[in-house]
Structure formats: C-alpha cells, structure tokens
Amino acid sequence: MSALNRLEEGQAALKDAFVIARRQQAKSYELRAAMSMARFWRDQGKRDEARELLAPVYGWFTEGLTRST
C-alpha cells in the first residue's frame, strides 16, 4: 500500500468521523474530528480549508463567552 493511499484512507476516516458526529449532534466529538482533520489539512498545506472547517465548530463552543479584563 502506498503512502498516498494511506493518506487518502486517513482523510476519509476523519471525514466520516466528522460527518457522523455532526449527524448525531455530538458536539465534543465533532470538535475532536474537526481538530484532527484541520491538523491533517494544515500538514498538507491546506490552511484555508482547515480554518473553514474548524472555525464554526470552535465558534459553537466559544459562543457567549466573554473576556474578563
């Protein structure tokens, strides 16, 4: 099995985990899968795609939080 095939299989598994977590409304697992996928894409040089995937999920967790000064 080539390295490219393993990378593609890894990406497919991460995408599946993200989709399943979203479908089940399991926010913590959705965040975990999004973080893993974002790291994978970052390492592939796909920083914009990583940010677009992670930002809304991360935003759900930080929504309503205020910074104390």
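Is Glu30 buried or exposed? Glu30 is buried, with a relative accessible area of 2%. The legends below place this residue in a predicted model.

**Figure 1. The whole chain is built from helices.** This predicted model has 3 helices and 0 strands. The order from the N terminus is α-α-α. The radius of gyration is 14 Å, well over the 11 Å that the globule rule gives for 69 residues, so the chain is more spread out than a compact globule. Its C-alpha trace spans about 50 × 30 × 15 Å along the principal axes. Of the 69 residues, 20% count as buried. Among contacts between residues at least 6 apart in sequence, 38% join residues at least 24 apart.

**Figure 2. Confidence along the chain.** The mean pLDDT of the protein chain is 89. A score of at least 70 is reached by 91% of the residues. Among the elements, H2 has the highest mean pLDDT, 94. H1 has the lowest, 91.

**Figure 3. Helix H1, end to end.** H1 covers residues 3–23. At 1.5 Å a residue, its 21 residues should span 30 Å. The end C-alpha atoms are 30 Å apart, which agrees with that expectation. Ala3 lies in this helix. Ala3 is partly exposed, with a relative accessible area of 47%. Ala3 and Gln24 are 21 residues apart along the chain, and their C-alpha atoms are separated by 32 Å.

**Figure 4. Lys15 of H1 and Ala34.** Lys15 lies in helix H1. Lys15 counts as exposed, at 52% relative accessibility; the cut-off for exposed is over 50%. In sequence, Lys15 and Ala34 are 19 residues apart. In space they are 8.4 Å apart, C-alpha to C-alpha. Ala34 is one of the buried residues of H2.

**Figure 5. Gln25 in the loop between H1 and H2.** Just after H1, Gln25 takes a positive phi of about 55°. Gln25 is not a glycine. Its relative accessible area is 67%, so Gln25 is exposed.

**Figure 6. Helix H2 and its buried residues.** H2 runs over residues 27–43. Its 17 residues should span 24 Å at 1.5 Å a residue. The end C-alpha atoms are 24 Å apart, in agreement. The buried residues are Glu30, Leu31, Ala33, Ala34, Met37, Ala38, Phe40 and Trp41. An α-helix has 3.6 residues a turn, so residues three or four places apart point the same way. The buried residues of H2 pack against H1 and H3. After the helix comes Gly45, whose phi is positive, near 85°.

**Figure 7. The largest nonpolar core.** This core has 11 residues. Its members are Phe18, Leu31, Ala33, Ala34, Met37, Ala38, Phe40, Trp41, Ala50, Leu53 and Val57. H2 and H3 (47–62) each supply at least two of them. The largest share, 7 residues, comes from H2. In soluble globular proteins, nonpolar side chains tend to be buried together.

**Figure 8. Phe18 and its contacts.** Phe18 belongs to the largest nonpolar core. Neighbours within four places in sequence are left aside here. Phe18 is then in contact with Glu30, Ala33, Ala34, Leu53 and Val57. Ala33, Ala34, Leu53 and Val57 are also members of the core.

**Figure 9. Glu30, a buried residue of H2.** Glu30 is found in helix H2. Its relative accessible area is 2%, so Glu30 counts as buried; the cut-off is under 20%. Which residues does Glu30 touch, not counting those up to four places away in sequence? They are Phe18, Ala21, Arg22 and Val57. Of these, Phe18 and Val57 are listed in the largest nonpolar core.

**Figure 10. The aromatic pair Trp60 and Phe61.** The count of aromatic pairs comes to 1. Trp60 and Phe61 form this pair, and the geometry is edge-to-face. The ring centres are 5.0 Å apart, with 80° between the planes. Trp60 counts as partly exposed, at 48% relative accessibility. Phe61 counts as partly exposed, at 33%.

How values were computed: Residues are numbered from 1 along each chain as its sequence is written. Side-chain values use heavy atoms; hydrogens and water are left out. A nonpolar core is a set of buried Ala, Val, Leu, Ile, Met, Phe, Trp, Tyr and Cys residues joined through side-chain atoms within 4.5 Å. Buried means under 20% relative accessible area, exposed over 50%, partly exposed in between (1.4 Å probe, protein chains only). Helices (H or I, at least four residues) and strands (E, at least two) are DSSP runs, numbered from the N terminus. Contact means heavy atoms within 4.5 Å. The expected span of a helix is 1.5 Å times one less than its number of residues. Rings of Phe, Tyr and Trp (its six-membered ring) pair if their centres lie within 6.5 Å; planes under 30 degrees apart count as stacked, over 60 as edge-to-face and the rest as tilted. pLDDT is the predictor's confidence in each residue, from 0 to 100. The radius of gyration is taken over C-alpha atoms; the globule rule is 2.2 Å times the number of residues to the power 0.38.
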